[in-house]
Amino acid sequence: MKRTVLVAVHTGRDAAVESARLVINRLVDAGIAVRVLESEFGEIGCRGVESVPGDPGAVKDAEVMMVLGGDGTLLRAAELARPAGTPLLGVNLGHVGFLAEAEVADLAAAVDSVVAGRYDVEERMTIDVLARLNGRVLADTWALNEATVEKQERMLEVVAEIDGRPLSRWGCDGVICATPTGSTAYAFSAGGPVVWPEVEALLMVPISAHALFARPLVVSPRSTLAVEILPDTPGGVLWCDGRRRFELPSGSRVEVRRGADPVRLARLHGVESTGAPFTDRLVAKFELPVQGWRGRVRP
């Protein structure tokens, strides 16, 4: 069977479109079949590619999905790739780009690694999210980074629950339930801890809570987190990965648990600025000061 790669791109950026053309031409020249999404085909305009609808069938039998853009583009691509278990390989054309494996300067080398099969695949934990109101299902969805219960206009009144037991009541702007992958996204901005991706855990981070006990929490991956919006208080909204939005009337309950299906990410071999330990990624992305570090004392 001929090898196939699906290429997705943030077509709103000229640089991203040019990068996509470079990727496609290099893959086609190597004898690999290339697909692009119908919504992006017209702007890319490359030879020898197949245009496919933007549904989960787009990744059927694809070896990998190469994603050119920022983390938002990769989160969009994850919606297609997750059901099929297709690995995502992100090339960062955005700002921080924690989910991306390569930077734009490494583009040609990244393609060459795919052609040569020099990559591993790691699984990232997801969360399944269920929102209900008096037994009626409001949302049954998932997230790679986080699910967030947020206010719409006025402050929310919520009760947080861990494993079926009430934890605390908060008047707040919202509550974030995140994965380790999402610990460097919205949860980080709200003061949550950075959790290394290989750590299996769930995070709960209150946003601007008016309470004495409103600390970020790290719990077992086997736990179930819940946030209840109190009746007779303003309703809110549920956001999953900042992409999927659901109204939450007063009295709604949101439950979060470990996702049944992970998202798979491709990790390259032999590309200098990729495949780095997470500590190095953290230092590079946030430009952390490490001057004066001497390293382990060697005998």
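**Salt bridges, helix faces and local contacts in the predicted model**

A salt bridge joins R132 to E255, with the closest N and O atoms 3.1 Å apart. R132 belongs to strand β8 (residues 127–133) and E255 to strand β19 (residues 253–258), so the pair ties together parts of the chain that are 123 residues apart in sequence. R132 is partly exposed, its relative accessible area being 30%, whereas E255, at 9% relative accessibility, counts as buried. The coordinates analysed here are those of a predicted model, and the count of salt bridges in it comes to 23.

A further salt bridge is formed by E79 and R244, whose closest N and O atoms are 2.6 Å apart. This pair links distant parts of the chain, since E79 is in helix α3 (residues 71–84) and R244 in strand β18 (residues 244–248), 165 residues apart. E79 is partly exposed at 24% relative accessibility. R244, in contrast, has a relative accessible area of 16% and is therefore buried, the limit for that class being under 20%.

A separation of 2.6 Å between the closest N and O atoms is also found for the salt bridge between R245 and E247. Both residues fall in the partly exposed class: R245 has a relative accessibility of 41%, and E247 one of 42%. Salt bridges with shared partners join R132, E161, E228, R253, E255 and R257 into one network.

R244 also takes part in the surroundings of T141, a residue of strand β9 (residues 136–143). T141 is buried, with 10% relative accessible area. Its side chain makes a polar contact of 3.1 Å with the side chain of R244. The C-alpha atoms of T141 and R244 are 8.6 Å apart in space, although 103 residues separate the two in sequence. When residues up to four places away in sequence are not counted, T141 touches I127, D128, V129, C240, R244 and F246.

Helix α3, which contains E79, also contains A84. A84 counts as partly exposed at 47% relative accessibility. Between A84 and F213 the C-alpha to C-alpha distance is 41 Å, for a sequence separation of 129 residues.

The distribution of buried residues was examined in helices α4 and α6. In α4 (residues 107–116), the residues L107, A110, V111, S113 and V114 are buried. These residues lie on the same side of α4, because the arc they cover around the axis is only 155°. The helix is followed by G117, which has a positive phi near 70°.

In α6 (278–286), burial applies to F278, R281, L282 and K285. The arc covered by these residues around the axis is only 100°, which puts them on the same side of α6. The buried residues of α6 pack against three strands, namely β5 (88–92), β6 (102–103) and β20 (263–268). Just after α6, E287 adopts a positive phi of about 50°.

Two of the buried residues of α6, F278 and L282, are in contact with T184. T184 is placed in the loop between β13 (174–178) and α5 (186–189). With a relative accessibility of 13%, T184 is buried. Apart from neighbours within four places in sequence, the contacts of T184 are F98, V194, F278 and L282. A polar atom of the T184 side chain lies 3.5 Å from the backbone oxygen of T181.

The segment after α6 includes L288. This residue has a relative accessible area of 35% and is partly exposed. Together with V290 and W293, L288 forms a nonpolar surface patch, the accessible area of the three residues together being about 360 Å².

Notes
Residues numbered from 1 in each chain as written. Predicted model: local features only at pLDDT ≥ 70, side-chain atom pairs only at ≥ 80, totals over all residues. Heavy atoms only, no water. Helix = DSSP H or I, 4+ residues; strand = E, 2+ residues; numbered from the N terminus. Buried < 20%, exposed > 50% of the residue type's maximum accessible area, 1.4 Å probe, protein only. Polar contact = N/O pair within 3.5 Å; in protein donor to acceptor, adjacent residues only side chain to side chain. Contact = heavy atoms within 4.5 Å. Patch = residues over 30% accessible without salt bridge, like charges linked within 9 Å, V, L, I, M, F, W, Y side chains within 5 Å. Areas by Shrake-Rupley, 256 points an atom, 1.4 Å probe, with all protein chains shown as cover. Salt bridge = Lys/Arg side-chain N within 4 Å of Asp/Glu carboxyl O. Arc of directions from axis to C-beta.
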